[in-house]
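Here is a friendly walk through one model, strand by strand and helix by helix. Keep the viewer open as you read.

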Amino acid sequence: MTPPATSSVGMHAQCHTCNLVVSIPSDSVSSLGCPRCRAPVHHRKPNSLSRTWALLVAAMICYVPANLYPIMKVTSLGSSQADTILSGVIFLAVHGMWPLAAIVFIASVVVPVLKILSLLALTVSVERGSQWRPRERARLYRIVEAVGRWSMVDVYVVTILVALVHLGSLASVDAEIGAFFFGAVVVLTMFAAQNFDPRLIWDQLVSVEGEEEEVDGG
Ligand SMILES: [Zn+2]
């Protein structure tokens, strides 16, 4: 086997916990662990692809009830109305609250879908040994990871409304089961992004020398 084009040349690996670069004897796991934080040291995140797959599939399954079931129920003067994510967006748009409708639509529909699709594309490309545009794929991964925390916006909106609108029998807002599934989608995609090892993208470029050589593996 030819050595990978990245940091494993010379038997060094980076600790996933504290980022210390450790020299390790074998190709897989250091028996001693990280000398600084004692975490096990691996060349690549262990079972990265299968873990990412499992979390992604779970996220896709949760995405269905997250959109089909109501995310919150508004009770006002005796009449109550349950809203799914989409019906909530439509409600906001119809009542002229365009900026809020746009924020909720982007945070709860566009971002999760794009995140799941990007991670799927990255995982499939690595699994197929693709050599297509590694830099762009690495950049895509960094974007997915950075955007992750912002998809919580919708859950925040629901929790803030639940906390604020509590006027007893006059009006109240309750979180519904859809919010639980939506939260699960957000958390699962965050874990999926965390379990994907972007260095696998560069491992595919073993035979490609020259211009790719100086590209950072991290
Ligand atoms: Zn460490």
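Two strands pair if DSSP finds at least two bridges between them. With that in hand, note that this is a predicted model, and let us begin with its sheet.

## The sheet

Three strands make up an open sheet, and their order is 4-3-5 with antiparallel pairing. On the edges are strand 4 (79–83) and strand 5 (171–175), each of which pairs on one side only. From one strand to the next, the twist averages 15 degrees.

Which residue of strand 5 is the bridge partner of M72? It is A175. Strand 3 and strand 5 are joined in the antiparallel sense, and their pairing runs over five bridges.

## The hairpin

On its other pairing, strand 3 (residues 72–76) is linked to strand 4 by five bridges, again with the two strands running antiparallel. Two of the pairs are easy to find in the viewer: K73 has A82 of strand 4 as its bridge partner, and V74 stands opposite Q81.

Strand 3 and strand 4 form a hairpin with two residues between them. If you check backbone torsions, look at L77 in this turn, where phi is positive at about 50 degrees.

## Around P70

P70 sits in the loop between helix 1 (48–68) and strand 3. Is P70 buried or exposed? The answer lies in between: P70 is partly exposed, because 19 other C-beta atoms lie within 10 Å, while a buried residue needs 20 or more.

Setting aside neighbours within four places in sequence, the contacts of P70 are A82, D83, T84, E176 and G178. A82, already met as the bridge partner of K73, is 12 residues from P70 in sequence, and the C-alpha atoms of the two are 5.7 Å apart.

## Helix 2 against helix 3

Two packed helices are described by the angle between their axes and the distance between the axes. For helix 2 (residues 85–94) and helix 3, the axes come within 8 Å and cross at roughly 160 degrees. Helix 2 is therefore roughly antiparallel to helix 3, given that angles over 145 degrees count as such. The crossing is left-handed.

Helix 2 brings I85, G88, V89, L92 and A93 to this contact, and helix 3 brings W98, L100, A101, V104, F105, S108 and V109. How many charged residues does the contact of helix 2 with helix 3 have? There are none; by class, the contact has 10 nonpolar and two polar residues.

## Helix 3 against helix 4

Helix 3 (residues 98–127) also meets helix 4 (residues 134–147): their axes come within 10 Å and cross at roughly 145 degrees. Helix 3 passes helix 4 in a left-handed crossing.

From helix 3, the residues in this contact are V111, K115, S118, L119, L122 and S125, and they meet R137, L140, Y141, V144 and V147 of helix 4. By class, the contact of helix 3 with helix 4 has seven nonpolar, two polar and two charged residues.

Note on methods. Residues are numbered from 1 along each chain as its sequence is written. This is a predicted model: local features need pLDDT of at least 70, side-chain atom pairs count only at pLDDT 80 or more; totals for chains, interfaces and linings use all residues. Axes are lines fitted to C-alpha atoms, for helices over the stretch in contact, and angles run from 0 to 180 degrees between N-to-C directions. Helices (H or I, at least four residues) and strands (E, at least two) are DSSP runs, numbered from the N terminus. A crossing is left-handed if the near helix is turned anticlockwise from the far one by less than a right angle, and right-handed if clockwise. Two residues are in contact if their C-beta atoms, placed from the backbone, lie within 7 Å. Ala, Val, Leu, Ile, Met, Phe, Trp, Tyr, Cys and Pro count as nonpolar, Asp, Glu, Lys and Arg as charged, and the others, Gly among them, as polar. Angles under 35 degrees count as roughly parallel, over 145 as roughly antiparallel, 65 to 115 as roughly perpendicular and the rest as oblique. A residue is buried if 20 or more other C-beta atoms lie within 10 Å of its own, exposed if 12 or fewer, and partly exposed in between; C-beta atoms are placed from the backbone.
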